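Biologist: I would like to go through the cysteines of this model and hear the reasoning behind each label.

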Amino acid sequence: MRLNRFDTSKIRVRSSGGGGGRRAGGIGCGTLVIALIAALFFGVDPMQTIGAIQGTQQTSAQGQGGDLTEEQICSSGTYAQEACNALTSLNETWAPEFARAGVPFKEPFLDLYRTGRVSTQGCGNASSAAGPFYCPADLGIYIDTGFYDQLAQMSGTGGDFARLYVIAHEYGHHIQNLTGLAAQVRSLQQRNPSQSNGLQVRMELQADCYAGVWAGKNRTLIERGDMEEGLRAASAIGDDNLQRQSGQRINPENFTHGTSQQRMDALKRGLQGADDSVCDTYFDLR
């Protein structure tokens, strides 16, 4: 995907465990932690990961006040530059949509942490084993870029669109947070524990759909083979495939992200529709 080069005036980036951007963090709000994608692959129940993160809340984030500028962080490697390019594009794509809808928009920050563990403001500690995740309490997207190499092994593709899909998915959770959907879903999960996993699956599929919407709105930047890369990545991290690859019996009751087919369908739905309204199909909370 031929994204324009990042613009540090339009994004907030830091790198915990070795220096962070000099600009201060954003305003915290939200209620639902999404620790996803690689959790099942590493044998960790995502819901347990969420509980562990929420149970170890801390008041300060690791790595702030370091000596690396955002320009230095974003220029530190191919993965970092891709992530910053994507974040710039995601902000430029979604902010006008919120403005048209009359909904307040707050950009997330990106933490490309480098020590295998990270501390958040309001969501506690997490490790690389949890995979990329979004923390609604501090509006942060947290990625250990080493995950991208694991994703390439899992999906059989080292293409950039597979990596862009990951950050766009996490940004989808940011959208759910800003619109208030995340809080509504968490309330439903607390009132109906038996439906918790099903609701979680729908959250993840909608985030996949939002990732597709972003790509669809930037269709002119998509290159040949990009969609195939994204679909292969979505298929690789489907719950059924992850259970199969880890030698487990496929058990839909333990699904938290959706099957390979569901994840591919959600990504395609968003890309083909190129409008966030197509993702409403996953929830009707009226």
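Biologist: Why is Cys 74 called buried?

Modeller: In this predicted model, Cys 74 has a relative accessible area of 0%. Buried means under 20%, so Cys 74 qualifies. Cys 84 also comes to 0%, so it is buried by the rule just used.

Biologist: How do you know that Cys 74 and Cys 84 form a disulfide?

Modeller: Their sulfur atoms are 2.1 Å apart. The cut-off is within 2.5 Å, so the pair counts as a disulfide. Cys 74 belongs to helix H2 (residues 70–74) and Cys 84 to helix H3 (residues 78–101), ten residues apart.

Biologist: What is the handedness of the link of Cys 74 and Cys 84?

Modeller: That link is left-handed, with -80° about the S-S bond.

Biologist: What makes Cys 123 and Cys 135 a disulfide?

Modeller: The S to S distance is 1.9 Å, and the limit is 2.5 Å, so the pair meets the rule. Cys 123 sits in the loop between strand E4 (117–119) and strand E5 (125–127), and Cys 135 in strand E6 (residues 133–135), so the bond ties together parts twelve residues apart in sequence. Both cysteines are buried, and 90° about the S-S bond goes with a right-handed link.

Biologist: Why is the disulfide of Cys 209 and Cys 279 called left-handed?

Modeller: Because the torsion about its S-S bond is about -85°. Cys 209 is in helix H7 (residues 196–217) and Cys 279 in the segment after helix H10 (260–273), so parts 70 residues apart in sequence are tied together.

Biologist: How many disulfides are there by this rule?

Modeller: Three. Counting bonded cysteines along the chain, the pattern is 1-2, 3-4, 5-6.

Methods
Residues numbered from 1 in each chain as written. Predicted model: local features only at pLDDT ≥ 70, side-chain atom pairs only at ≥ 80, totals over all residues. Heavy atoms only, no water. Helix = DSSP H or I, 4+ residues; strand = E, 2+ residues; numbered from the N terminus. Buried < 20%, exposed > 50% of the residue type's maximum accessible area, 1.4 Å probe, protein only.
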